[in-house]
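Welcome! Below are some short exercises, each with a worked solution. Take a look at the molecule before you begin.

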Amino acid sequence: MKKIKLEILGLSPSQSQTGSFALVLGEELGNRRLPIIIGVFEAQAIAVQIENIVPNRPMTHDLFKSFAEGLNYTLKEIVISDLSEGIFYAKIVCGDDLREVEIDSRPSDAIAIGLRFDVPIYTFESILSEAGIVASALNEEEETDDDDLVRETLKTKGSFNEQIRDMSNDVLQKMLDEALAKEEYEKAAKIRDELEKRN
């Protein structure tokens, strides 16, 4: 089955699901878009790599890269391989000189890892036909505006304090719980302060 190459067009808060983000992929030689809803932390892992931000400590996806490189494994490609009941599935294709292996993954994790190895992202025509959205090819001015919007969504929107000001209390509470569970106390304190300001 012929694979279709995708590129990342944007990453923005989801309009339909609070606390989630929409990762928008577009076919390289066409006008179809493939939006995938992902979680806050997966979005952060992708945004950090797009913006070339080096975290204080390695994220899980950075650890995967170090682990693979330590074993002389290289990533070859990421494939959004299946869509079932509205859920996307992906495969990480990697290997060494002797064999090639396909590892099942969530698309968000596969893409976050793929970005770190700078490998292409693919999907199949059947998936694009079922879940793709055709971008309206209007006039050049509107296309330029769309390009500007894409660039804007890929930028980190200010400091962490500025980002959390726009989030709902429910999202902040979830982030606070996760930060405490991961012992990210500085982050938790900032979220707590923002919540207390609202009460």
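**Exercise 1.** How many helices and how many strands are there in the chain?

*Solution.* Keep in mind that this is a predicted model. Going along the chain, you should find eight helices and eight strands. The chain has 199 residues, and 39% of them count as buried. Its accessible surface comes to about 12400 Å², with 49% belonging to carbon and sulfur atoms.

**Exercise 2.** Find which residues of helix 1 (residues 40–50) are buried, then look just past the helix.

*Solution.* Step one: apply the cut-off, under 20% relative accessible area. Step two: list the residues of helix 1 that pass, namely Val40, Phe41, Glu42, Ala43, Ala45, Ile46 and Val48. Step three: move just beyond helix 1, where Asn52 has a positive phi of about 55°.

**Exercise 3.** Work out how helix 2 (residues 60–70) and helix 3 (residues 107–117) are arranged.

*Solution.* Step one: compare the axes, which come within 9 Å and cross at roughly 55°. Step two: recall that angles from 65 to 115 degrees count as roughly perpendicular and those under 35 as roughly parallel. Helix 2 and helix 3 are therefore oblique to each other. Step three: check the handedness; helix 2 passes helix 3 in a right-handed crossing.

**Exercise 4.** Which residues of helix 2 and helix 3 meet?

*Solution.* Step one: on helix 2, pick out His61, Asp62, Phe64, Lys65, Ala68 and Glu69. Step two: on helix 3, their partners are Asp109, Ala112, Ile113, Arg116 and Phe117. Step three: sort the residues of this contact, which gives five nonpolar, one polar and five charged.

Definitions and conventions. Residues numbered from 1 in each chain as written. Predicted model: local features only at pLDDT ≥ 70, side-chain atom pairs only at ≥ 80, totals over all residues. Heavy atoms only, no water. Axes fitted to C-alpha atoms, helices over the stretch in contact; angles between N-to-C directions. Helix = DSSP H or I, 4+ residues; strand = E, 2+ residues; numbered from the N terminus. Parallel < 35°, antiparallel > 145°, perpendicular 65-115°, else oblique. Left-handed = near helix turned anticlockwise from the far one by under 90°. Contact = heavy atoms within 4.5 Å. Nonpolar A, V, L, I, M, F, W, Y, C, P; charged D, E, K, R; others polar. Buried < 20%, exposed > 50% of the residue type's maximum accessible area, 1.4 Å probe, protein only. Areas by Shrake-Rupley, 256 points an atom, 1.4 Å probe, with all protein chains shown as cover.
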